[in-house]
Every structure is written in structure tokens, then in C-alpha cells.
Amino acid sequence: MVPVLVAGGGLAGLACATRLHREGVAVLVLEAGDVVGGRVRSDVVDGFTVDRGFQVLNTAYPALQRAVRLRDLDLRPLPSGIRVRRAGRLHDLPHPASSPTAPLRAMASSATGLRGKAALARYAGSVLATRPRRLKERPDVPAGEAWATLPSGLVRDLLVPFLSGVVLEDDMTTSRVFTDLMMRMFATGRSAVPAAGMQALPHALARQLPSGSVRLGSPVAEVRPDRVTLADGTAFEARAVVVATDPWTAPALVPALGTAPAPRGVTTYWFAARPWRGLDGTLAVDADGSGVTNSVVLSASAPSYSTDGRALVATSVLHTDGRARTDADTARRTAAALHRAPDDDWELVAAHDVPFALPAMTAPHPLRRPAYLPGAGVWVAGDHRDTSSIQGALASGDRVARSVLRHLSAPSRPVAPHRSTR
Ligand SMILES: Cc1cc2nc3c(=O)[nH]c(=O)nc-3n(C[C@H](O)[C@H](O)[C@H](O)COP(=O)(O)OP(=O)(O)OC[C@H]3O[C@@H](n4cnc5c(N)ncnc54)[C@H](O)[C@@H]3O)c2cc1C
């Protein structure tokens, strides 16, 4: 018998397993896929490193700092400013939360005078000056509603284009508590990718486990409080079972979870292009309604993503009703315009359609869902139990591990309800 079985080897399952291992508890991770990492995965295509959907980690994520040594990831930070296209013109801006008045200055035509500036300063100031714990205590409403006092041009031309690439929707129905927390992270940390691709993160977690702790190609078909059965009928017994599968498969294993959250989808087109004059790694967003949510020359920040000297451009498009809003051709033309580049020699290296990228966090969104489900007798970890992010997945895995540890050290007592320590 293994003390703890974890179904799912994404970030949440791995964070749970590594914490248990560090505390001296043996654990076996059962992963359905052929590699760990779940939604964080990288491929090498024609010598280019392409992540399965453009994503970055943020160096300020507290759970990331707890889970791995950042220096082991060989991080390549992206520039902290952003570029916005509005009415066909490109505006290079400092980070929206790093300098409250800079975006208004740069986009003077969007500014609405002193009242607007004061409102923006209040918003940015409160996000930056307020401790995360206090941000979490604010009434949760849709981000779009929370921004009602800001100048409409600023919301339309900057906040929505920028944050739609983070929450993968642009109606801004997402929890304002989450968007505020993310804005704070962006202002206090750096967005970065590991030199070897985003999959370096789950690999760094898996390396912390003794060999044999992860069993790949092992889809879990059934879970009980003390037993897990694989699809091929193999059964394992344990003192505690953790379900760390994605939000859309977890309810099949744990019906008590109820209906799965709505998915947010994104398609990322990866283009290779001959380097052009003025090329840089600034994240560019589009306020002109092309359907492209953001585009970045990733090889400018992480040269190892390209091995033939060409620039590698990741261009992401939101989904509507499960489908990308624009095709590769439109994405290519839009991206070239966003980067002030000619697009005659751009080659499509890969296209990643990810219809199930993030669980929606429509407001009001509880930031913590219980680690343990008494009715099912199992623990549940994953981004859908905290926030839809790398931070949320890692924090959830760690939180579940701590709850399991309490249970194992006091097996005769009922599991205490979780109290957040962050
Ligand atoms: C395209 C994209 C862009 C993103 N961008 C960002 C970003 O920039 N910043 C950020 O912070 N976050 C981003 N995210 C979110 C972040 O990647 C996820 O929140 C996080 O990886 C979720 O981890 P998880 O462990 O909760 O779930 P998952 O990664 O889904 O892991 C679940 C695991 O369970 C396995 N599994 C499923 N069913 C079974 C079964 N029956 N038996 C055994 N195993 C099973 C799966 O194979 C998978 O490995 C992005 C996500 C995507 C997809």
C-alpha cells in the first residue's frame, strides 16, 4: 500500500506530491498522459520550442517560489511594458499597473481629464498598495463592473485587451478580485518563460520526487477513499486519495463536485520569420477587434526557443463557442502589424487549439474551494479549486498536501476544515 495516491500529474498533482514527499510521506502519481505537466507542455517542432498555447509564469507567484528554485528554471523574462494597437496606431506603454498615469499620458486622446486620471490613480494605487489578503476581502463583482468608474477609453483600449489574454474572455465577467490580484503580480513580478520551454516547470517538480513515484500512461477510472482503479483494471490501495485531474474530468471521478466550470479557450499560432529591423520582445495587444488577443516575439526574450536564427512569434486568438475567432492568415497579418514587421516570409510552425484552457472564474468566484470532500472521502486539487493559473494550481496542490498530512498524522480524528494561510 502507498500512503497517498494522486490521480493527475499536472502542476497541482505534482505540487501536492512534492510537498508530501518533502514531509516524508511516500506518494504515487498516476498520470493518464505520456508526460507530466498537463496543460503546461512544450514540443520541439522543426527546431522551435513551442508551448501548447502561449503562456508565461510570473516570478511573483508565491506558490511558484515555494515549489521550485527559480534559478533551476533558467528563466528568460519578457519586457515589462506592452504595446497596444488602437485605431491602427501602435502605442508603446509601460506596464499599466507600474505607472498609473503613464497610459493616460501616452493615449492622451483616451483620457477623460482630471476626473478620469483621479479614478485610475485610485484604482491602480489601491491594487498596488493593498495587501493581497485585503484584496481578497473586497466584494467580488465582474472586473468590467469594478472598472465602471474608470475612463471608458482606458478600459476599452488598455485593460480589456491586456487582461483578455490572461483570463481568456473579453466580456470581463471574470472576478475582479482575481484580476486585481493578477495586476498586482504583474506589477511586482516579471513574466518569464524557462529557456527550455514552459514544460521545464513540471519537469523541475517531478525531479524532486524519487524515481518510480510517477506512473505515466495510467488513466484513473475510479476513486474511492482508500482505493484507485485504473482503466485497465489495475487497483492500488492507499490511506488517502487525491484527485488532481483537470476541472472537466474530475467530476466523472468525483460526482460530488457537480457541474464542471465553463471552459475558456484559446488558439496560439506559432510563426517563424526572418528577423526584421526594430524587432523586440514586447507583448503586443490589439484594441482594434481583430480577434488576436496578444502576440509576442518569444525568441527575442528566449533565444533558445529558435535554433535557426529566425524569430519565433506566438500569436493568440480567443475562442467563441469553442472555436478560434480568426484563422492563421488573419493572425499572421495582425501580428506582423503589431510588431511593425513585414509578413511576406512568415511560416506557420504550429497551431495549438486549446478549447479547454482555463476554467471560467465568473464573479463572484470563491478563491478557495474545500481541499477535502467528506461525501466522497477524497481530496481534490487543481486550478479549479483555487484560481485558474499556475499560481492557483500550485497553491491548490500544496494546500491539499497539507490537509492530507493533517489527516495522516491524526487518522482517528475527522479532517479539519482548511483555513487559508495566505
Ligand atoms: C493555453 C494556456 C495558457 C495559459 N496561460 C497561463 C499563463 O500565462 N499564466 C498562468 O499562470 N497560467 C496560465 N494557464 C493556466 C495554467 O496552465 C493552468 O491553470 C494549470 O496548468 C492547471 O494545472 P492543473 O494541475 O490544475 O491541471 P492540468 O494541467 O489540467 O493537469 C491535470 C492532469 O490530470 C491528468 N488526467 C486527466 N484525467 C486523468 C485520469 N482520469 N487519470 C489520470 N490522470 C488524468 C491530465 O493528463 C493532466 O496531466 C494557461 C493554460 C493554458 C492551457
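Trainee: Let's start with Met172: does this residue count as buried or exposed?
Mentor: Bear in mind that this is a predicted model. Met172 is in the loop between α7 and α8. The cut-off for burial is under 20% relative accessible area, and Met172 has 3% relative accessibility, so the verdict is buried.

Trainee: What is the phi of Met172, given that it is not a glycine?
Mentor: Met172 belongs to the loop between α7 and α8. Although Met172 is no glycine, its phi is positive, at about 55°.

Trainee: And Leu168, what is its relative accessible area?
Mentor: Leu168 is placed in the loop between α7 (152–167) and α8 (176–188). Here too a residue other than glycine has a positive phi, near 60°. Burial means under 20%, and Leu168 counts as buried because its relative accessible area is 11%.

Trainee: Which peptide bond is cis?
Mentor: Look at Pro364, in the loop between β19 and β20 (372–373). Omega is near -5° for the bond that leads into this proline, and the cis bond runs from Ala363 to Pro364.

Trainee: Over to the ligand: which residues around it come nearest?
Mentor: There are 35 residues around the ligand. By class, 17 are nonpolar, 13 polar and 5 charged. The ones that come nearest are Glu31, Arg39, Tyr61, Val220 and Asp383.

Trainee: How much of the ligand's area does the protein bury?
Mentor: Start with the atoms that approach ligand oxygens: a backbone N or O atom of Ala12 is 2.9 Å from one, and a backbone N or O atom of Gly38 is 3.4 Å from one. Asp383 brings a polar side-chain atom to 2.7 Å from a ligand oxygen. On its own the ligand would expose 1000 Å², and the share of that buried by the protein is 90%.

Trainee: Which elements give two or more residues to the shell around the ligand?
Mentor: One of them is β19, with 3 residues, the largest share of the shell. In full, the elements with two or more residues there are α1 (11–22), β19 (347–359) and α13 (390–409).

Trainee: Which element gives the largest share of the largest nonpolar core?
Mentor: That core has 86 residues, and Val4, Leu20, Leu57, Trp147, Val242, Leu394 and Val404 have the most contacts inside it. The largest share is 9 residues, and they come from α13.

Trainee: How many residues does the other core have?
Mentor: First a look at Leu57: leaving out residues up to four places away in sequence, it touches residues including Leu64, Leu73, Met198, Leu201 and Ile390. The other core lies apart from the largest one; Val241, Val243, Val254 and Val378 are among its members, and its size is 18 residues.

Trainee: One more: is Arg83 buried or exposed?
Mentor: Arg83 is part of strand β7 (residues 82–86). Beyond four places in sequence, its contacts include Leu90, His91, Asp92, Thr282, Leu338 and Arg340. With the cut-off at under 20% and a relative accessible area of 3%, Arg83 is therefore buried.

Trainee: Which side chain does a polar contact of 3.2 Å join to that of Arg83?
Mentor: Several residues touch Arg83 from beyond four places in sequence, among them Asp280, Leu283, Ala284, Val285 and His339. The 3.2 Å polar contact joins the side chain of Arg83 to that of Asp280.

Notes. Residues are numbered from 1 along each chain as its sequence is written. This is a predicted model: local features need pLDDT of at least 70, side-chain atom pairs count only at pLDDT 80 or more; totals for chains, interfaces and linings use all residues. Side-chain values use heavy atoms; hydrogens and water are left out. A residue is near a molecule or strand if one of its heavy atoms lies within 4 Å of it. A polar contact is a pair of N or O atoms within 3.5 Å; within protein, one must be able to donate a hydrogen and the other to accept it, and residues adjacent in sequence count only if both atoms are side-chain atoms. Accessible areas come from the Shrake-Rupley method with a 1.4 Å probe; for residues, only the protein chains shown count as cover. Helices (H or I, at least four residues) and strands (E, at least two) are DSSP runs, numbered from the N terminus. Ala, Val, Leu, Ile, Met, Phe, Trp, Tyr, Cys and Pro count as nonpolar, Asp, Glu, Lys and Arg as charged, and the others, Gly among them, as polar. Buried means under 20% relative accessible area, exposed over 50%, partly exposed in between (1.4 Å probe, protein chains only). A nonpolar core is a set of buried Ala, Val, Leu, Ile, Met, Phe, Trp, Tyr and Cys residues joined through side-chain atoms within 4.5 Å. Contact means heavy atoms within 4.5 Å.
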